[in-house]
Amino acid sequence: MHERLIAIYLGLLIAATIGLAVPFALAVLDRASTNMLLDRTADAARFSSLAGTAVLTGEAETLTAELEAYEDLYGIAAVLVDADGELVAGSSAGTSLRDLQEAAGITGPGPAEPVMLALAGVRQDLDERIWPWSGDDLLVAEPVNDSGETIGAVVTASPTAALRHGVAVQWAVAAAGVALVLLAGAWAARPLSRWVLRPVTQLAEAAEAVSRGHLETRVSEGHGPGELRGLARAFNRMNATIAQMLERQRQFVAYAGHQIRNPLAVVRLRVESLGLSLPPEQSEAHMVALEELDRLTRTCESLLTLARSAEVEPERITADVSRIAHARARAWAPIAQELGASLEVDVPPALVVRCVEHTLDQTLDVLIDNALKFGGRGVRVRVSAERRGEDGVHISVEDDGPGLPEHLLHAALVPFWRSEPERRALVPSAGDEADDAMGAEAEVGSEAESWSSTGGGRASESGSGDSDGPGGSGLGLSVVVTLLELDGGRLELQPVQPHGSRAVVTLSGAR
């Protein structure tokens with residue numbers, strides 16, 4: 001914006017200065033040329049008034065003396081010719097009409113055009129310009145009349161060096177003035193553009209501050225043109241609305257975390273007390289249930305912490321990918337067994353990442369949940385991880401189910417992406433005709449809902465059970481994307497050939 005405004009400003013300044021300087025230079029030239037022509041024409045007219053007798057009688061001694069004195073005093077050669085162009089008198093011996101014409105830059109035999117016009121009784125025009133780069137003399141011809149008849153002409157050739165030098169000096173002074181104005185304008189261009197764009201710059205700085213999380217930032221509404229003042233008011237209202245919405249979200253998160261934490265504590269006590277009466281062969285399942293309740297409790301605590309300090313950078317931990325992947329696989333094993341699915345983990349040991357606490361747990365929960373939910377009965381789900389480059393770690397959850405259409409792979413990462421038309425496209429009704437893959441997906445979806453409704457605990461098991469299941473709200477993957485963005489990570493959905501899908505998580509590794 002600065003560059004465009006400066007370019008426009010300098011362009012207008014250059015056009016204005018040149019538009020004033022060129023007419024001024026031409027006016028200086030015209031004035032000097034006209035003054036010289038008037039002066040030389042007056043001198044030639046004086047000689048013309050004395051030349052009638054010399055042309056008629058041939059006695060030119062008096063006029064010759066006048067012409068010689070004129071050349072000696074001013075350095076201007078002059079001749080008198082009769083009506084036939086023949087020389088009658090000259091300012092010096094040997095001076096002819098051709099000499100004067102050659103000094104004026106006119107070559108060729110016979111009288112020049114100004115002389116022919118004078119012999120025809122026509123006086124010379126005063127609109128001739130003497131340019132500074134021209135080295136020719138100024139030729140002036142004045143008719144000699146007697147009783148209304150032109151009988152000859154007086155011709156003078158005046159040197160123009162002094163005039164050309166004077167015009168060049170004035171032009172140089174004008175050019176220096178133009179250069180000074182342009183330099184001053186160029187020096188003032190950037191401060192002037194900054195002053196003009198100061199309200200826009202303040203808006204841009206405020207928007208940048210808001211993007212960094214400083215929602216209390218406001219811009220002045222009393223400076224700049226009316227359009228920008230209106231824009232500043234709209235920006236402040238928008239910022240206040242965003243701050244209010246985020247505050248409500250933080251309050252909701254804090255309220256939800258607080259309200260869920262107490263029931264979880266009660267449920268854990270009940271489950272822990274039930275473990276006293278369980279047979280030894282069910283102790284492992286009992287411990288898995290207690291671990292999941294502890295994880296949910298920690299998640300609620302994290303929600304409360306984030307709600308209390310929304311602008312504080314969250315604390316990051318070093319997470320063991322292999323340990324977390326195997327723990328999540330054990331938690332999902334009962335559901336996989338119920339669906340006849342296989343859940344494999346292929347993660348090398350000593351592979352760690354830096355992330356916010358519970359980010360990797362929740363991410364794997366959502367991705368395994370979706371793989372089992374959409375994969376169909378007997379689906380094979382594989383969790384793997386590998387180091388990419390110096391500091392990157394790729395964690396993938398792959399299944400061989402029907403997968404998602406390619407045009408929905410990106411849409412699935414957007415909150416509430418499961419609109420009603422897309423839901424009908426993914427899960428056809430009983431009377432609709434669909435291909436085998438979509439039919440299988442609908443079958444798995446109905447079975448998954450049946451599992452939740454019969455108390456299998458699918459939704460509570462994943463922590464995001466309604467995010468991506470048929471009839472869900474489509475929030476699970478978007479939650480994962482938000483969690484990963486806190487750590488500078490990303491989530492990408494990819495198709496698998498011949499069928500299936502792969503979710504690839506990228507996080508920063510730790511040594």
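**Close-up 1. S396 and its contacts in the predicted model.** This view of a predicted model centres on S396, a residue of strand 9 (residues 392-399). Leaving aside neighbours within four places in sequence, S396 is in contact with R382, V383, S384, R502, A503 and V504. One of these, S384, also shares a polar contact with S396. That contact joins the two side chains at 2.8 Å. Is S396 buried or exposed? S396 counts as buried because its relative accessibility is 11%, and the cut-off for buried is under 20%.

**Close-up 2. L290 and the residues it touches.** L290 sits in helix 8 (residues 283-308). Which residues does L290 touch, not counting those up to four places away in sequence? They are R268, V271 and E272. L290 and E272 are 18 residues apart in sequence. In space, their C-alpha atoms are 7.2 Å apart. L290 has a relative accessibility of 7%, so it counts as buried.

**Close-up 3. The second largest cavity.** The model holds three cavities of 30 Å³ or more. Shown here is the second largest, with a volume of about 60 Å³. General background comes first: rolling a probe the size of a water molecule over the atoms shows where empty space is left. Which residues line this second largest cavity? The lining is made of P199, Q202, L203, V219, S220, H223, L228, R229 and A232. By type, five of the lining residues are nonpolar, three are polar and one is charged. Two helices each supply at least two residues of this lining: helix 6 (198-211) and helix 7 (226-274).

**Close-up 4. Two loop residues with positive phi.** Most residues other than glycine have a negative phi, and most peptide bonds are trans. S147 is not a glycine, yet its phi is positive, at about 55°. S147 lies in the loop between strand 3 (138-146) and strand 4 (149-158). With a relative accessible area of 77%, S147 is exposed. A350 also is not a glycine and has a positive phi, here about 65°. Where does A350 lie? A350 belongs to the loop between strand 6 (342-346) and strand 7 (352-356). A350 is exposed, as its relative accessible area is 69%.

**Close-up 5. A cis peptide bond before P498.** The bond from Q497 to P498 is cis. Its omega is near 0°. P498 is found in a loop, with strand 10 (490-495) on one side and strand 11 (501-510) on the other.

**Close-up 6. Helix 14 and the glycine after it.** Helix 14 covers residues 476-486. Which residues of helix 14 are buried? They are G476, L477, S478, V480, V481, L483 and L484. Just after helix 14 comes G488, with a positive phi of about 70°.

**Overview. The whole chain behind the close-ups.** The protein chain has 14 helices and eleven strands. It runs to 511 residues, and 39% of them count as buried. How much area does the chain expose? The exposed area is about 27,900 Å², with carbon and sulfur atoms supplying 57% of it. Among contacts with a separation of 6 or more, 67% come from residues 24 or more positions apart.

Note on methods
Residues are numbered from 1 along each chain as its sequence is written. This is a predicted model: local features need pLDDT of at least 70, side-chain atom pairs count only at pLDDT 80 or more; totals for chains, interfaces and linings use all residues. Side-chain values use heavy atoms; hydrogens and water are left out. On a 1 Å grid over the protein atoms alone, a cavity is a set of points where a 1.4 Å probe fits but cannot get out, and a pocket is an open set with protein on both sides within 12 Å along at least five of seven lines; lining residues have an atom within 4 Å of a point. Grid points are joined across faces, edges and corners, and a volume is the space filled by probe spheres set on the points. Helices (H or I, at least four residues) and strands (E, at least two) are DSSP runs, numbered from the N terminus. Ala, Val, Leu, Ile, Met, Phe, Trp, Tyr, Cys and Pro count as nonpolar, Asp, Glu, Lys and Arg as charged, and the others, Gly among them, as polar. Buried means under 20% relative accessible area, exposed over 50%, partly exposed in between (1.4 Å probe, protein chains only). Contact means heavy atoms within 4.5 Å. Accessible areas come from the Shrake-Rupley method with a 1.4 Å probe; for residues, only the protein chains shown count as cover. A polar contact is a pair of N or O atoms within 3.5 Å; within protein, one must be able to donate a hydrogen and the other to accept it, and residues adjacent in sequence count only if both atoms are side-chain atoms.
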